[in-house]
Amino acid sequence: GYSAGFLYEFPGLDLLKVIPVLRKMLYAIIRNAIEGGVKFIEHGTLASEDTIKMMAERKISLTPTLSIMELIHNNGKAAGLKSENLEKLKMIRDRGRDVIGMARKYGVNIMTGTDLLGVTDMDIDFGKNWMEIVLLSETGGLTPLEALQASTGNCDVPGKKIGRIMPGYGADIISLKGNPLESIRDVSRTGMVMKSGKIVKS
């Protein structure tokens with residue numbers, strides 16, 4: 001994720017020279033975070049297989065944040081990124097998908113998050129957070145059910161009581177006009193919306 005952020009701030013950056021440094025830095029950052037006792041890793045784009053195994057052993061969750069990488073990949077040229085950097089960004093994006101595959105293989109809990117910092121007025125935007133679920137399924141290799149679980153039950157962390165329909169939980173519930181198990185993009189077809197047990201949209 002950091003590579004993408006650097007490119008947006010510094011469009012003229014030579015990503016080819018930066019990636020090896022970032023890879024070593026991110027390996028160390030993720031390892032240090034795990035050793036420090038964190039319970040969640042966001043991005044994880046350049047995590048090694050050994051690191052993913054360690055996350056599984058220590059029950060550390062992964063939030064891949066595919067949305068921000070996809071947004072920059074799809075709109076980077078308009079933002080002034082050099083073509084060679086866009087190619088390297090594609091490599092990083094594809095590596096993020098590989099990490100999801102490893103996380104799934106070793107049983108790491110996968111959660112959703114977009115890392116969007118503001119309104120984009122593009123295909124991936126605030127209010128379209130469902131795109132993260134779509135990307136987890138269409139490009140990340142999760143089944144539609146696994147992608148839905150990543151945004152619901154997998155987010156049921158100690159002390160939060162969210163992501164499930166159970167007594168004592170927050171009752172944040174939506175209905176969908178379709179079946180996302182058959183077509184994952186049906187997650188965008190919102191019907192009823194309930195917030196804290198109150199219907200705010202019918």
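At what angle do the axes of helix 4 and helix 6 cross? This tour of a predicted model begins with that pair and then moves on to a salt bridge, a cavity and a pocket.

**Stop 1: two crossing helices**

Select residues 66-75, which form helix 4, together with helix 6; helix 6 covers residues 130-138. Two packed helices are described by the angle between their axes and the distance between the axes. Here the axes come within 9 Å and cross at roughly 90 degrees. Angles of 65 to 115 degrees count as roughly perpendicular, and helix 4 and helix 6 are therefore roughly perpendicular to each other.

Next, display the side chains at the contact. Helix 4 contributes Leu66, Ser67 and Glu70, while helix 6 contributes Met131, Glu132, Leu135 and Leu136. By class, this contact has four nonpolar residues, one polar residue and two charged residues.

**Stop 2: a salt bridge from helix 4**

Keep Glu70 of helix 4 in view and add Arg93. Side chains of opposite charge can pair when their charged atoms come close. The side chains of Glu70 and Arg93 form a salt bridge, with a distance of 3.3 Å from N to O. Arg93 belongs to helix 5 (residues 83-106) and Glu70 to helix 4, so this pair ties together parts that are 23 residues apart in sequence. A search of the whole structure finds 12 salt bridges.

**Stop 3: the cavity**

Rolling a probe the size of a water molecule over the atoms shows where empty space is left. The count for this model comes to one cavity of 30 Å³ or more, and the volume of the largest cavity is about 60 Å³. To find the largest cavity, select its lining: His43, Gly44, Thr45, Leu62, Pro64, Leu66, Met69, Ile92, Arg93, Gly96, Val99 and Ile100. Two of these names have appeared already: Leu66 from the helix contact and Arg93 from the salt bridge.

Which elements give two or more residues to this lining? They are helix 4 and helix 5, and the largest share, five residues, comes from helix 5. The lining divides into seven nonpolar residues, four polar residues and one charged residue.

**Stop 4: the largest pocket**

Return to helix 6 and add helix 7 (144-150), strand 3 (173-176) and strand 4 (190-195); each of these four elements supplies at least two residues of the lining of the largest pocket. Strand 4 gives the most, with four residues. The volume of this pocket is about 1,100 Å³. Of the 32 residues that line the pocket, Ile133, Ser151, Thr152, Asp172 and Ile174 are the closest to its centre. The classes in the lining are 16 nonpolar, 11 polar and five charged residues.

**Stop 5: Ile174**

Finally, centre the view on Ile174, which lies in strand 3. Leaving aside residues up to four places away in sequence, Ile174 touches Thr190, Met192 and Val193. Add Met194 as well: Ile174 and Met194 are 20 residues apart in sequence, yet their C-alpha atoms are 6.0 Å apart in space.

Terms used
Residues are numbered from 1 along each chain as its sequence is written. This is a predicted model: local features need pLDDT of at least 70, side-chain atom pairs count only at pLDDT 80 or more; totals for chains, interfaces and linings use all residues. Side-chain values use heavy atoms; hydrogens and water are left out. On a 1 Å grid over the protein atoms alone, a cavity is a set of points where a 1.4 Å probe fits but cannot get out, and a pocket is an open set with protein on both sides within 12 Å along at least five of seven lines; lining residues have an atom within 4 Å of a point. Grid points are joined across faces, edges and corners, and a volume is the space filled by probe spheres set on the points. Ala, Val, Leu, Ile, Met, Phe, Trp, Tyr, Cys and Pro count as nonpolar, Asp, Glu, Lys and Arg as charged, and the others, Gly among them, as polar. Axes are lines fitted to C-alpha atoms, for helices over the stretch in contact, and angles run from 0 to 180 degrees between N-to-C directions. Angles under 35 degrees count as roughly parallel, over 145 as roughly antiparallel, 65 to 115 as roughly perpendicular and the rest as oblique. Contact means heavy atoms within 4.5 Å. A salt bridge is a side-chain nitrogen of Lys or Arg within 4 Å of a carboxyl oxygen of Asp or Glu.
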